[in-house]
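Subject: Structure for you to look at

Dear colleague,

I am passing on the structure we talked about, and below it you will find some notes to read with the model open beside you.

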Amino acid sequence: MTNPAPNAAPPALAFAGVGMEFPGVRALDDVSFEVRTGSIHALMGENGAGKSTLLKILSGAQRPTAGEVRIDGGSVSFAGTADALAAGVAVIYQELHLVPEMSVAENLFLGHLPSRFGIVDRRQLAADAHRQLELIGEDISPDAKLGDLSLAQRQMVEIAKALTRGARIIAFDEPTSSLSEREVRRLFTIIRDLRDRGCAILYVSHRMEEIFALCDRITVLRDGRHVETGPLVSFSRDAVVERMVGRRLADIYRREERPPAGPGLTIEAITGPGLSAPCTFSAGAGEILGIFGLVGAGRTELLRLIYGATPRTGGQIRVGADEAMILGPRDAIRAGVVLCPEDRKKEGIIPVRSVLENLNLSTRRRTARAGVFIDEAWERRNADERIAELRVRTPSAEALIRTLSGGNQQKIILGRWLSGKLRVLLLDEPTRGIDVGAKGEIYAIMQRLAREGVCVVMISSELPEILGVSDRILVMRGGAIVAEVPREEASEASLLRLALPVESTPARA
């Protein structure tokens with residue numbers, strides 16, 4: 001970390017050699033950087049880089065196992081989030097910490113409501129709330145029920161709430177994921193105003209356009225380690241990406257040119273919950289089709305309808321040249337259509353079971369002797385083969401799957417489907433929360449399966465991933481497919497423009 005000049009004021013916030021270890025996992029390793037007063041400081045890194053862990057430490061939700069956090073030059077140790085708030089630190093998470101059934105005013109001053117003789121002073125509460133909302137330029141009634149407000153308005157209430165506690169250091173965690181262009185511009189105006197008032201802002205986002213429009217400094221993390229900190233003007237976008245991944249993008253994604261191998265998956269006018277219009281598209285055998293969209297676009301809902309996890313209300317599904325009567329996941333699996341879900345911990349694995357058992361879940365009924373007795377010898381051979389094939393890092397096949405890293409858990413889910421008939425592989429955020437090295441291995445598996453003629457359909461919210469892996473890209477917005485883009489014609493900016501109703505990037509102040 002750069003030493004301040006003599007007589008210079010210490011930075012508002014500093015991480016000094018911060019480390020964080022969990023059983024079997026080192027989430028942060030010797031992270032050091034400063035966030036200055038009156039600056040908007042970007043924190044970037046791939047999923048699994050350590051950003052969320054660092055924010056949890058800053059918020060007081062977790063204590064580091066090494067190093068320290070300093071505020072205004074002094075070391076602090078937070079026993080909980082209340083301690084962080086008392087020290088002037090607030091973290092505005094994507095999932096807002098507000099009470100929908102309470103009024104705006106009650107949410108703003110929850111925990112320190114004005115009172116007289118032990119009774120809440122409603123008049124004072126309304127006046128204080130109005131004053132706080134005026135400070136951020138919001139015309140929201142203090143008496144309004146929070147649950148009746150838009151997401152953007154609730155986010156403004158969260159910011160005003162932080163200011164009622166005297167927050168001077170404010171961190172934003174992916175704050176624009178569900179906002180319109182107008183709402184993003186409004187949020188950026190508020191953040192710049194906070195900067196101009198002397199707040200230190202830590203801004204976490206994967207959206208490169210936002211970072212370059214808003215921030216003045218940047219820190220990049222990779223695999224839990226600090227890579228570089230400096231003025232944003234000294235970085236190009238490609239340079240930021242290279243520091244995030246640690247190598248050239250082509251080396252990570254390993255994309256290959258493959259000849260067409262016939263029809264793979266054909267969807268005709270499928271309808272159901274989460275879709276606002278019938279969806280029609282096709283993906284060839286041996287093709288990797290990427291689907292991009294923002295939160296709420298209907299991507300996950302579409303895959304669940306194809307897989308039969310959610311009953312569809314209309315439309316037709318063909319696998320190869322034949323219609324597939326998919327009424328539920330069992331029908332999909334019989335047809336060779338399988339899904340790796342977004343939330344692998346809740347829907348992809350059985351945490352209290354072993355690696356071996358999780359690997360053989362999809363084949364046990366088919367391989368059991370007489371349909372009843374588990375073929376333990378076959379399951380052992382299959383597990384050993386898949387562990388070796390996919391380079392799963394596990395002490396043994398008997399280890400509980402919950403003890404494995406996210407990347408190795410994802411490999412087990414993929415390996416489960418490799419043990420049976422596989423024609424169409426549906427992937428929902430396949431590399432979320434896994435490190436860069438494991439991502440490269442997942443991409444290699446996808447490329448190999450496509451080379452073998454499997455049709456791969458991948459949802460991802462990471463634009464570099466969509467651009468680096470896909471042969472062709474669909475864009476979804478508001479529950480409908482709004483565009484099909486050849487990979488060679490796609491860019492991050494063009495895909496974002498298609499994913500939002502209007503241009504999403506606010507002009508730089």
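Glu-441 has a relative accessibility of 11%, and because the limit for a buried residue is under 20%, Glu-441 counts as buried. Please keep in mind, here and throughout, that this is a predicted model. Glu-441 belongs to helix α17, which covers residues 436-451, and if residues up to four places away in sequence are set aside, Glu-441 touches Arg-391, Arg-393 and Lys-411. With one of these, Lys-411, the side chain of Glu-441 also forms a polar contact of 2.2 Å.

Helix α17 appears again when one turns to the nonpolar interior, where the largest core has 79 residues, and those with the most contacts inside it are Leu-265, Ile-306, Leu-426 and Leu-495. To this core α17 gives the most, with 6 residues. A second core, separate from the largest one, has 49 residues, among them Ile-92, Ile-136, Ile-201 and Met-208. In soluble globular proteins, nonpolar side chains tend to be buried together.

Which residues are in contact with Leu-426, leaving aside its neighbours within four places in sequence? They are Leu-265, Leu-303, Ile-306, Tyr-307, Val-337, Val-338, Leu-339, Cys-340 and Val-457.

Leu-495, also named above for its contacts inside the largest core, is found in helix α19 (residues 492-499), where Ser-494, Leu-495, Leu-496 and Ala-499 are buried. The cover over the buried residues of α19 includes the helices α7 (208-214) and α18 (463-469), together with the strands β15 (288-292), β21 (472-477) and β22 (480-486).

On the surface, Ile-350, Val-352 and Leu-361 make a nonpolar patch of about 240 Å². Ile-350 is placed in the loop that runs between α12 (344-348) and α13 (355-359), and Ile-350 counts as partly exposed because its relative accessibility is 33%.

Finally, is Ala-86 buried or exposed? Ala-86, which lies in helix α2 (residues 81-86), has a relative accessible area of 72% and is therefore exposed. Although Ala-86 and Arg-165 are 79 residues apart in sequence, their C-alpha atoms are 7.2 Å apart in space.

With best wishes

Terms used. Residues numbered from 1 in each chain as written. Predicted model: local features only at pLDDT ≥ 70, side-chain atom pairs only at ≥ 80, totals over all residues. Heavy atoms only, no water. Helix = DSSP H or I, 4+ residues; strand = E, 2+ residues; numbered from the N terminus. Buried < 20%, exposed > 50% of the residue type's maximum accessible area, 1.4 Å probe, protein only. Polar contact = N/O pair within 3.5 Å; in protein donor to acceptor, adjacent residues only side chain to side chain. Contact = heavy atoms within 4.5 Å. Patch = residues over 30% accessible without salt bridge, like charges linked within 9 Å, V, L, I, M, F, W, Y side chains within 5 Å. Areas by Shrake-Rupley, 256 points an atom, 1.4 Å probe, with all protein chains shown as cover. Salt bridge = Lys/Arg side-chain N within 4 Å of Asp/Glu carboxyl O. Core = buried A, V, L, I, M, F, W, Y, C linked by side-chain atoms within 4.5 Å.
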